[in-house]
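Colleague: I have a new structure open on my screen and would like to talk through it. Could you take me through what the labels rest on?

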Amino acid sequence: MQLTHDELLRSISHLGDLRRLQCFLSRASAGANLSIGVVGGSVSAGSSSWVRRNQSALFHKRLQRWLEERFPHSHFKHFNGAIPAVPPKYLEHCLPLHVPPTADLILLESAANLCGKVHAKKKCADGLVSVERILRRLMAYPRQPAVVFVHVSPFWTMQTERVWPGTLGSKLSRRWLASEDLNFDFHSQWGHPNHEHMLDELSKYYGLPSVSLRDVVYHAAKANSTFHGYTLPQLYYDRIHPSNHGHEVLSRSLEFLLERVIHLANAGHDHLKASSRACDTQQLLPVNAMLPTSNNPQGALQCLDATAIGESLVDRSDCSWELKVELSSFGVPKPGWVASQVGQSCRFHYAARTDWLTHSIGLGYLKSYEGLGSARVECEGSCSCNASMIDAHWTERTSPNDIHYFDIRLSDERTRARSGALPERFKSHAVERRCAFRLTIVNESSSGQHKFKLTALFLNEYGSEQHFGRWILNHALQLHAADVVAQRLDSNTSMDDILSVRHHASKQPVLPVPAMRRAMVRHRRVMKKHS
């Protein structure tokens, strides 16, 4: 699909100052090894059926191929930090789990999940704060990556079915859009003010570029006409997720943005003639965030996978558990700290960095219907907690990650530090005390066996808030593991194989095309019978 020049211009909703992009392109021209990827939701993860089976159709994979052709002497490593149906608050806290510190170009897609489906101003405001915190962390990464907002607005008013009429899952058999399908408007989505406009305020504040799929296709969609021969149901698989054709429009927009940066630099714009010295100079963030609450440090939750737990928390002199990387039946790695014998224990400790009286710790662990037992949690040292038990056995025929929260209480000296009873020069000493807790395998077991596997740990040193539950944890860890596999596969591995890993990790059913067609025929027969 070849977009017109006017359409390409329309696709750039904000140009920004382009300096970070020019530094990225300068490194690409010099033949550097670069890392590019995406942070976002289901659109970027490839959750619509037309793109999930072939990851090469996603806009960020298309852009990777374009970069490899445009700069043949450079190598572009790809990562996918997108997680379907997860709000930005999770990545606000756990960004390092999904975005490597070596990132050079990051595509930030967050419009669809910014506010969720609830019509609530506070939910939108909280979502925007989370996105700004994500943005500030990304811009402060060691290699000062270029960040580009990628906007993908749904065409769903929530007054209709999510799927298009006449497709699998729809209760309607008609094939063409009717007036009620076209009730969407330019300035709102999910029933509240448009997310793209809110995010573009961040683009302007930080001088970052943004591209928009909506800005290009909206008028054709609203008129119920075609865009380069494609109807809206052909550009979007359902009312939320773009099809291959929609992803192609996005990739063309990003390619045009990068070509425009190259053209402006070649045309003599001095501020875009990036030298290696200028690009290595630290580019300072605005001192204050655009949104006052984005400056609040309470977003500093620590999210640790099994490897990071070993590096940061495990007391190696007092731990009989072992770090193991076990593979699922689909070859997805599932690392964790494992013990199988009654009485085996492991001590975990950390230096508290704040003067808050209560910390919340979430332990991510493997849950299964066979082979797993129970562990006791208890605290030691200068911190205390209520002892608790974790039973990793359940009867459902699945093996997800689950999460167990408990609160740690700090000693009285903390109270004095926080209340101001201690002089300022003693406060730092007061808050650097070590808290410790221990996990011990117990004899009680509903499965008759005793294996236990710790997969992740979430530490909140700013109170007892539990930021997310089992579903988000399970989803995020599975896709994180799958992306690790995808990054390690060599270039000769097919995209179907890479995507198969992400698919099996997320356990989302994907029908092959013939099976999907048969399912649609059966569905239509049922609907006709009951109509």
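**Salt bridges and buried charges**

Modeller: Gladly! Asp315, Asp318, Arg347, Glu380 and Arg438 are linked in a network of salt bridges. A word on the source: this is a predicted model, where local features need pLDDT of at least 70 and side-chain atom pairs count only at pLDDT 80 or more, while totals for chains, interfaces and linings use all residues. Residues are numbered from 1 along each chain as its sequence is written, and side-chain values use heavy atoms, with hydrogens and water left out.

Colleague: What makes the contact of Asp318 and Arg438 a salt bridge?

Modeller: A salt bridge is a side-chain nitrogen of Lys or Arg within 4 Å of a carboxyl oxygen of Asp or Glu. The side chains of Asp318 and Arg438 meet at 2.5 Å, N to O, so the pair fits that rule. This pair links distant parts of the chain, with Asp318 in strand E10 (residues 314-319) and Arg438 in strand E18 (residues 434-441), 120 residues apart. Helices (H or I, at least four residues) and strands (E, at least two) are DSSP runs, numbered from the N terminus.

Colleague: Why does Arg438 count as buried?

Modeller: Buried means under 20% relative accessible area, exposed over 50%, and partly exposed in between (1.4 Å probe, protein chains only). Arg438 has 11% relative accessibility, so Arg438 is buried. Asp318, at 28%, counts as partly exposed.

Colleague: How do you know whether Arg214 is buried or exposed?

Modeller: Its relative accessible area is 5%, so Arg214 is buried. Asp215, with 12% relative accessibility, is buried as well. Their side chains meet in a salt bridge (2.8 Å, N to O).

Colleague: Why is Glu132 said to have no salt bridge?

Modeller: The nearest side chain of opposite charge, Arg136, is 4.8 Å away, so the pair misses the cut-off for a salt bridge. Here Lys and Arg count as positive and Asp and Glu as negative, with His and the chain ends not counted. Glu132 is buried and lies in helix H7 (residues 121-139).

Colleague: What does the side chain of Glu132 make a polar contact with?

Modeller: With the side chain of Tyr206, at 2.5 Å. A polar contact is a pair of N or O atoms within 3.5 Å; within protein, one must be able to donate a hydrogen and the other to accept it, and residues adjacent in sequence count only if both atoms are side-chain atoms.

Colleague: Why is helix H2 called largely enclosed?

Modeller: Eight of the eleven residues of H2 (residues 19-29) are buried, so the rest of the structure largely encloses the helix. Among them are Leu21, Phe24 and Arg27.
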